Amino acid sequence: LAAPITITRETFRACRPGSWAGIPSDCCPPKVIDGPIVDFRPKYDASKPLRVRKALQCLSGHELQTYLRKLEKGYVLMRALPDSDPRSFKRQNAIHCAYGTGSFLQDGSTNLTIDVHLNWLFLPWHRMFVYFHERILQKLLGDPEFSLHFWNFDNSVTATPRHGSRGCYKAGHFVPPMYNDPSKATFEANRSFMTFEPNRPWTCRSTSRKEFHFQRPSLRSPTVPSRNKRAGTEKSCTAVGAGTIELVPHNTLHAWIGGWMLQPITAPIDPLFYPFHANMERLWSVWRKLGYGNDDPTDPDWLNATFLFWDENSVMRRVRVRDFLDLNALGYRYEKVNDASWIFFD
Ligand code: C2O
């Protein structure tokens, strides 16, 4: 079988209902897929300032109100798109579902499926997914500078802010209030009761871990491929290829949020998925900077893995992992927060 994983028009056409943990899924893209497929090649433009994805818990006052108004409007517009529109809220969930429930077959195979979870595709694929979601919001809002923010869920700093942290020292262990307010388009009622308890941070109420732990060793290998989980070699969806950053906090936090977020068939129906995953990929960058030899794989099977996404103009884009490693080229960065707290826990 061919490696790396390569998604083509034919992959989409051959999509079939999949399943996750025994739950059937039916989220294939429309069978008629024509129109051009355009290669996506980001290019660093030094003349353009990088957009900044900010920490949600640090927003307040006017800045918070402005952001909230835009975000809400974006979701109202996105939900109003017809289901047939690949940019619609519903179809975006469907694409994550198809990539995450074995609905796509590996190139040249009649039984080996593709999953973007529990293996080295996890971090880059989700970065792409959030990236195109953001571009669609920008387009709907008519604001190319609009940036998603991140839920800084790993931030447990309650001590004095350090110099330069812009007052960003509030703990991020709660669902950001704008996502927990029933009057907002960013709200979702289908979440576990724990997420609605105002004084209980998730670290203490996690269903699977008593304590939030990001230990160094677990961050050392977020994308390390397992020998058994490369393109074309394995069918099953075991955790054998997952980096620990995917298992904890990613999977445990999905479970703690509950509701739609419990499983990949429905997770992005909850708008919280997006700031949550923004933080996941931010942590990938943080991990890379920690030293200890942390670095991305250089295996061409990883670098050249290729996926298809619809962009903000409903044009199909061919996207490679190697193009999603440099945030500068993608035109954004993350606000610097005081995120060192967990690094020294063991
Ligand atoms: Cu595709 Cu947080 O999952």
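# A walk through the model, from α2 to the core

Before you select anything, check the confidence: this is a predicted model, and the chain averages a pLDDT of 81, with 78% of the residues scoring at least 70. The model scores are ipTM 0.99 and pTM 0.88.

**Stop 1: colour by pLDDT**

Start with the two extremes. Among the elements of the chain, strand β3 (residues 37-39) has the highest mean pLDDT, at 98, and helix α6 (residues 216-219) has the lowest, at 32. Now select residues 159-165, where the pLDDT is below 50; beyond near neighbours in sequence, that stretch has eight contacts in the model. Then try residues 204-240, where the pLDDT is also below 50; this stretch has 86 contacts beyond near neighbours in sequence.

**Stop 2: the whole chain**

Switch to cartoon view. You should be able to find ten helices and seven strands. Of the 346 residues in the chain, 40% are buried. How much of the contact map comes from residues 24 or more positions apart, counting contacts with a separation of 6 or more? Such pairs account for 74% of those contacts.

**Stop 3: helix α2**

Select residues 61-80, which form helix α2. With 20 residues at 1.5 Å each, the helix should span 28 Å, and its end C-alpha atoms are 29 Å apart, so the two agree.

Next, show side chains for the buried residues Leu71, Gly74 and Met78 of α2. Why do they sit on the same side of α2? They cover an arc of only 60° around the axis, which puts them there. The spacing rule behind this is a familiar one: an α-helix has 3.6 residues a turn, so residues three or four places apart point the same way.

Rotate to the face of α2 turned away from the buried side. There you'll meet the exposed residues Gly61, His62, Gln65, Thr66, Arg69, Val76, Arg79 and Ala80. Which elements do the buried residues of α2 pack against? They pack against α3 and α4, and α4 is a good place to go now.

**Stop 4: helix α4**

Pick Leu137, which is found in helix α4. Leucine 137 counts as buried because it has 23 C-beta neighbours inside 10 Å, where 20 or more are needed. Leaving aside its neighbours within four places in sequence, leucine 137 is in contact with Gly74, Met78 and Phe146. Gly74 and Met78 will be familiar as buried residues of α2. For a distance to check in the viewer, try the C-alpha atoms of leucine 137 and arginine 91: they are separated by 14 Å, with these positions 46 residues apart along the chain.

Move along α4 to Phe129, which also has its place in this helix. Phenylalanine 129 has 23 C-beta neighbours inside 10 Å and so counts as buried. Draw a line from the C-alpha atom of phenylalanine 129 to that of leucine 308; they are 179 residues apart along the chain but separated by 10.0 Å.

**Stop 5: the largest nonpolar core**

The largest nonpolar core has 66 residues, and Trp125 and Met128 have the most contacts inside it. To see what builds the core, colour the elements that give two or more residues to it: α3 (89-100), α4 (122-141), α7 (244-257), α8 (273-289), β5 (306-310) and β6 (316-320). Which of them gives the most? That is α4, with ten residues.

Now zoom in on Trp125. Apart from neighbours within four places in sequence, tryptophan 125 is in contact with Tyr99, Val116 and Phe307.

**Stop 6: an annotated stretch**

Select residues 117-134, where an unreviewed UniProt entry places the feature "domain: Tyrosinase copper-binding". Over these residues the chain is 72% helix and 0% strand, and the end C-alpha atoms are 21 Å apart.

**Stop 7: two positive phi angles**

Stay in that stretch and click Leu118, in the loop between α3 and α4. Its phi is near 60°, a positive value in a residue other than glycine. Is leucine 118 buried or exposed? With 21 C-beta neighbours inside 10 Å, leucine 118 counts as buried.

Finish at Ala21, in the loop between β1 (18-20) and β2 (23-25). Alanine 21 is another residue other than glycine with a positive phi, here near 45°. Alanine 21 has 10 C-beta neighbours inside 10 Å, so it counts as exposed.

Notes
Residues are numbered from 1 along each chain as its sequence is written. This is a predicted model: local features need pLDDT of at least 70, side-chain atom pairs count only at pLDDT 80 or more; totals for chains, interfaces and linings use all residues. UniProt positions are given in the numbering used here, feature names are shortened, and annotations may be inferred rather than shown by experiment. Helices (H or I, at least four residues) and strands (E, at least two) are DSSP runs, numbered from the N terminus. A nonpolar core is a set of buried Ala, Val, Leu, Ile, Met, Phe, Trp, Tyr and Cys residues joined through C-beta atoms within 7 Å. A residue is buried if 20 or more other C-beta atoms lie within 10 Å of its own, exposed if 12 or fewer, and partly exposed in between; C-beta atoms are placed from the backbone. Two residues are in contact if their C-beta atoms, placed from the backbone, lie within 7 Å. The expected span of a helix is 1.5 Å times one less than its number of residues. The arc is that of the directions from the helix axis to the C-beta atoms. pLDDT is the predictor's confidence in each residue, from 0 to 100.
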